[in-house]
Amino acid sequence: MREGVTRPAAVGVWVLAALAVALVDTDPAARLVVIAGAWALLVRRRVPGRRLRPLALGLASLAVLTVALNGGLSHAGTTVLVVLPSWVPLFGGPVTAEGFADGASIALGLVAAISVTAALSLVLEPTDLVDVLPRPLHHAGAALGAALNLVPATAASFVAVREAQRLRGWRPRGARALVDLAVPVLLGAIDRSVQLAESMEARAFGTGTRTRMPAAGRSVRLAAVAAAAVAALGIAVVAYAAGDPGAWYAYPVPTVPSASPLALAPAIVAALAAAALPAEQS
Amino acid sequence: MSGPGPAPGARAGSATVVLQGLTYAYPEWSDRPRPALCDVDVELGPGLTLVEGDSGSGKSTLLRVCNGLVPHFHGGTFSGRAAVCGHDVLATPTRELARHVGFVFQEPESGFVRGVVAREVAFFPENLGLAREVVAARVGEALERVGVDHLAQRRLSTLSGGERQRVALAAALAAAPSVLAMDEPMSQLDQQGATALRETLEGLAEAGTTVVVAEHRLRPSERARRLLLEEGRVRPAAAPAHRGSGAPPVTPLDAGPDRSGGSPRDCAGPPAWSLTTATIGVAGRPLLEGVDVAGAPGEVVIVTGANGAGKTTLLRTVAGLAAPLAGTAERALGRIAYLPQEPGLLLHRQSVRAEVDQTMRWSHVEGSADDVLEMLGMLGLADRDPRDLSGGQRQRAALAVVLAVRPALALLDEPTRGMDAAARVSLARVLRRLADEGAAVLAATHDTALAHELGGRVLRIEDGLLVPDRTGCDARSPAWTAC
């Protein structure tokens, strides 16, 4: 029996556990801890070349939108900030501080869930996931992993095409200009698909039973990360069953975050597990 | 027409690749002036066979017949007989022929299946269902053989073009094929890698593998059989005239660039481009530090260095596509022509002429696209779809596209990738003309023949430093940095 687990397995288990913690534990402080753990993981252990800025900007926009919409649409709560005329569709009625607070709580949950899940695409490459598929799915998974490889390649192609076109004099003005980017990116993706298929065919893919090589890079430390993530999930379930001490409500008036150790423990354990994920061996 | 006889040293009657009366046309052949292969009669046995010919002569197609991608994958019209290791190519699917034939593609980066080097190399023997121990041993041997065993756990996305090419070769070798077909396997390799590859191929050939390689950079040796293709037909290989008018003999791999004509131009006046105390790198990781270098208008500068040394990053930094991690990068006013390593990024219109014409419109350059194409000897291909061209022809089309801006600064990344000798001579002539008209040229290349023909200043990246050439006005000399 080989010792330890693989990196994709450890990251996969951590993502599932941290996602469950972020969704089950509604304590704002706990969700902030999960977010901090996820971002520490993304910043320190992302695949070289992967950019975090688009994710950060997207999450910030999502959070602002969620708070604004919930604040404008909720109308529940006791602390009325302003009353919009009733003829204003959807937004007409009292706008309350509790509505915004509830929006902030929802935004925290969304940001935590997305940040955690982003690790699958930023800390791993799509083909890594093939290694953790069960044996019956190995053959199909190899083909799927190869196809998924086209996604980052196409994203890189978009950047490269834009650079090349700009130096030819192309300027991003109007919809027509977008066509001059989209067409070469699309044609490039088709070419890559054809070449990928050629390459797989030329390397005997589909001739019969494939050998499944054990994934490299198993380690006890990775196993410890996975175990800690499972422990975090277990504590969260126990806490929930014990009356959910971290439960937080916005209405009718926002409750004070409990700061209960039992409520914070799952998030802290999950964050520590993320911090313990070792760098990739190269 | 009959091809050459068995390779020197090959046993009589031991032909592994037999092509008889083979004529093949791609399905869209009406857009092409002729079938890709015409009446080819060839018998190849164990040993090294070098397939020669100008760009578009049918070399890639012939190689694809060896593993059945032609006609199984591409379709088209196929007549005559082809057999590989005793298997009728028409009756045997490519994936079955793959048990005997390894193949290295011209642009291997597009064919990678896995994310990590060792996993990519294992893909082929895994598909053959070999025992785990055998797969592991094959992977280790193949990586070591092409000198990338230190990259085994690296992600493919972090490798340079040359490193990826070596991995692609290892991925083909891992199946221990009887026949190894390779399409321009050296186009992105540094000198060391190209020399190592040549030795590897010779070793495989001596061990009994049928190695069939199309490579412009490979000097024919006495031990190799030569197969010359001209417009899809096999010609006698001995006649140098078939290599294109005015083409020089292929430069030996171990020949260094001739720097006798590389004396720097007068450094008076502002430089066309400069890097000042610059640190350049990728994703915050420095590749080159303390770079002080400049290029004058009208000067040709060649940058060489090992795969992954930072040549492309240097070019991107000068172009303004990447910011230096420290220090400054400056360019004089004027248009920039930038040729990326992947010519396909620039080619998506229906004809080469339309593509060049588009560049001229975007850059507000007056004149005719045909003038640019004529300058590069591409007028005959003006109406062809760029995506139907051979690798070398696509590269020349991409050059026409970027040079159509009439640049003040031309930045070219491996400009001779896949080019035949005649096209390289033509390119050198064009670049010299550009320089004579006042443009600065900065080219990153492993092609010593290009450096030889251009006669420009040669800089080399070694251990994270830009090493000066022997001409005196080097990258670090006060005279140069004062330009």
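**Two chains, two domains and one well-covered helix**

In this predicted model, chain B splits into domain 1, covering 17-243, and domain 2, covering 273-481. The C-alpha centres of domain 1 of chain B and domain 2 of chain B sit 29 Å apart. Where these domains of chain B meet, domain 1 brings 25 residues into contact with 22 residues of domain 2. On the domain 1 side of that contact, α6 (161-173) and α7 (191-206) of chain B each supply at least two residues. Of the contributors to this side, α7(B) gives the most, with four residues. Sorted by class, the side of domain 1 of chain B that touches domain 2 of chain B comes out as three nonpolar, 13 polar and nine charged residues.

As for its overall make-up, chain B holds 14 helices and 19 strands. Its 483 residues include 60% that count as buried. Looking at contacts in chain B between residues at least 6 apart in sequence, 75% link residues at least 24 apart.

Chain A is built from nine helices and two strands, and along the sequence these run in the pattern α-α-α-β-β-α-α-α-α-α-α. The radius of gyration of chain A is 23 Å, whereas the globule rule gives 19 Å for 282 residues; the value is well over the rule, so chain A is more spread out than a compact globule. Along the principal axes, the C-alpha atoms of chain A fill a box of roughly 70 × 60 × 30 Å. Burial in chain A stands at 38% of the 282 residues. As for contacts in chain A with a separation of 6 or more, 76% come from residues 24 or more positions apart.

Now for the place where the chains meet. The contact draws 42 residues from chain A and 49 residues from chain B. On the side of chain A that touches chain B, the elements giving two or more residues are α6 and α7 of chain A. It is α7(A) that gives the most to this side, with 13 residues. The class breakdown for the side of chain A that touches chain B is 18 nonpolar, 14 polar and ten charged residues.

Helix α6 of chain A deserves a closer look. This helix spans residues 150-167, and at 1.5 Å a residue its 18 residues should cover 26 Å; the end C-alpha atoms are 25 Å apart, which agrees with that expectation. Which residues of α6(A) are buried? They are A:Ser157, A:Ala160, A:Val161, A:Ala164, A:Gln165 and A:Leu167. These buried residues cover an arc of only 140° around the axis, so they lie on the same side of α6(A). The cover over the buried residues of α6(A) comes from both chains: it includes α7 (174-202) of chain A, along with α8 (311-319) and β15 (336-339) of chain B. So α7(A), which covers buried residues of α6(A), is also the element that gives the most to the side of chain A that touches chain B. Just after α6(A) ends, A:Gly169 adopts a positive phi of about 110°.

Conventions. Residues are numbered from 1 along each chain as its sequence is written. Chains are lettered from A and ligands numbered from 1 in the order in which they are written. This is a predicted model: local features need pLDDT of at least 70, side-chain atom pairs count only at pLDDT 80 or more; totals for chains, interfaces and linings use all residues. The expected span of a helix is 1.5 Å times one less than its number of residues. A residue is buried if 20 or more other C-beta atoms lie within 10 Å of its own, exposed if 12 or fewer, and partly exposed in between; C-beta atoms are placed from the backbone. The arc is that of the directions from the helix axis to the C-beta atoms. Two residues are in contact if their C-beta atoms, placed from the backbone, lie within 7 Å. Ala, Val, Leu, Ile, Met, Phe, Trp, Tyr, Cys and Pro count as nonpolar, Asp, Glu, Lys and Arg as charged, and the others, Gly among them, as polar. Domain bounds come from an automatic or database domain assignment. The radius of gyration is taken over C-alpha atoms; the globule rule is 2.2 Å times the number of residues to the power 0.38.
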